[in-house]
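Have a look at the sequence and the 3D model first. Then let's walk through it together, one question at a time.

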Amino acid sequence: MPLKQLAPGEMTADDLRDWCSVLNDMTAADMPGEPRWRTDRLSDYLTGSLPDDRRFLFMDRDADGDLVGHASLILFGSGGGEQGGTGVVEMSTRPSARGKGVGSRLLRAVAECAKANGCRTLAVEVIATTPAVGFYDRHGFSRNVVEQRHLLRWADIDWEKIEHAAGRLAAGYRLEYHAGGVPDRLMDSYADVKANLRSSPGNVAFVPEWRGSAYAPALRDSFQTLARRGMRSHIAVALAEPFGHVVGLTELVVSAQRPTRADQYDTVVAPQHRSYGLAMTMKARLLTELRRAEPQLVDVQTWTLETADDVRWINAELGFVHDVDWYDYVADVDKLLARLARKH
Ligand SMILES: CC(C)(COP(=O)(O)OP(=O)(O)OC[C@H]1O[C@@H](n2cnc3c(N)ncnc32)[C@H](O)[C@@H]1OP(=O)(O)O)[C@@H](O)C(=O)NCCC(=O)NCCS
């Protein structure tokens, strides 16, 4: 059976099981310490997207019908947002089928689909210790940003220290914890604080779709999209008295597909409220809430730039340890297609 592009919702239960098994074979071969994938809500995870974004899925089966590789492409901002024209790729070849052109075939299908849909740039996140680095180098992708992945192992957490940090709050502020999103009364000020991420010097060049939402309606969509994809969001906010508007936030997500792993995403404090220890207090508070809300957790991962000294200091205090680098690779779609055509 040839390489096939699937329409959203077209995946069968067998497709989902096969998709998951490729992910788990890949994980076992390339990143054995990482949690395994589950099929729980995998269909929602693979097909859910923001209203302006589009997702495309590709499956490659061999002559026996066995799935040898798959790819997903998300095209941002068909509505013309800041990320418009960028597509993000995720793909895997089953380890037993590598080195036979499966990855290149998938990449070509992805690039053709991107081109047909007006996408000019493809981006991919790659773990530095995996064979994917050689593959994307070979295909002419360039390394845009290096982020350091840090892991906090639940079993290693010093809870006394965390509880103490969570309780240390500067005068004039209060903390709230919310699951699944933030209440409407906080949405506008939350979005304002989030907008600081865009202007931070050295901020990551590529901001995944739902993280980039810096105005209230898009933010609401992004929380709903996360929930639709089986991802539970947990949020701590710092509010300034007496008006109770958001001046700091920290977000974390636990997915149904890998429920023992939490992803710590954005932490940001409005510039005029920095240096009061709010980020540390919010992050510590979020951990204490998670202890109750997600008792199955084994670890929390987060990513920082080498230059982000403040966040790195806080993470180290909380017990996060750097284990591996992640590269953001990008390629121009036209150049990639020309290169793929020359090779075959
Ligand atoms: C990256 C990956 C998809 C490549 O799949 P693949 O089917 O083995 O790739 P191909 O057989 O099509 O290889 C294409 C080219 O890349 C080269 N290549 C592949 N892996 C390589 C490696 N580890 N080092 C150097 N070159 C490599 C091949 O030699 C080949 O070059 P050629 O066309 O000149 O012969 C596969 O290694 C994988 O699934 N990795 C894990 C998933 C992952 O990390 N994905 C990236 C994040 S989305």
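**Strands, helices and a ligand**

Q: How many bridges join β5 to strand β12?
A: This is a predicted model: local features need pLDDT of at least 70, side-chain atom pairs count only at pLDDT 80 or more, and totals for chains, interfaces and linings use all residues. Numbering starts from 1 along each chain as its sequence is written, and side-chain values use heavy atoms, without hydrogens and water. Helices (H or I, at least four residues) and strands (E, at least two) are DSSP runs, numbered from the N terminus, and strands pair if DSSP finds at least two bridges between them. β5 and β12 (residues 321-332) run antiparallel, and the bridges joining them number seven.

Q: Which residue in β12 stands opposite Q148?
A: Strand β6 (residues 142-153) also pairs with β12, in the antiparallel sense and over nine bridges. In β12, E125 has D328 as its bridge partner. Opposite Q148 you'll find D325.

Q: Which strands are at the edges of the sheet?
A: Follow the order β1-β2-β3-β4-β5-β12-β6-β11-β10-β9-β8-β7: these twelve strands form an open sheet with mixed pairing. An edge strand pairs on one side only, which fits β1 (4-6) and β7 (173-179).

Q: By how many degrees are neighbouring strands of this sheet turned against each other on average?
A: Axes are lines fitted to C-alpha atoms, for helices over the stretch in contact, and angles run from 0 to 180 degrees between N-to-C directions. With direction ignored, the average turn between neighbouring strands here is 25 degrees.

Q: What is the bridge partner of V88 in β5?
A: β4 and β5 run parallel, joined by three bridges. In β5, V88 is partnered with A123.

Q: What angle does α1 make with β3?
A: α1 packs on the sheet, with contacts (heavy atoms within 4.5 Å) to β2 (54-61), β3 (67-75) and β4. Its direction and that of β3 make an angle of about 95 degrees.

Q: And which strand does helix α6 run at about 90 degrees to?
A: α6 (residues 184-194) lies across β7, β8 (231-240), β9 (245-255) and β10 (261-269). The strand at that angle is β9.

Q: Where is P242 found?
A: Most peptide bonds are trans. The bond joining E241 and P242 is cis, with omega about 5 degrees. P242 is in the loop between β8 and β9.

Q: Which residues come nearest to the ligand?
A: Near means having a heavy atom within 4 Å. There are 23 residues around the ligand, and those coming nearest are T93, G101, G103, S104 and R138.

Q: How much of the ligand's accessible area does the protein cover?
A: Polar contacts here are N or O pairs within 3.5 Å. Ligand oxygen atoms lie 2.8 Å from a polar backbone atom of G99 and 2.8 Å from a polar side-chain atom of S104, while a ligand nitrogen is 3.2 Å from a backbone N or O atom of P131. Alone, the ligand has 940 Å² of accessible area (Shrake-Rupley, 1.4 Å probe), and the protein covers 76%.

Q: Which element gives the largest share of the shell around the ligand?
A: Elements giving two or more residues are α1 (13-30), β4 (86-93), α3 (102-116), β5 (121-127) and α4 (132-138). The largest share, five residues, comes from α4.

Note on methods. A polar contact is a pair of N or O atoms within 3.5 Å; within protein, one must be able to donate a hydrogen and the other to accept it, and residues adjacent in sequence count only if both atoms are side-chain atoms.
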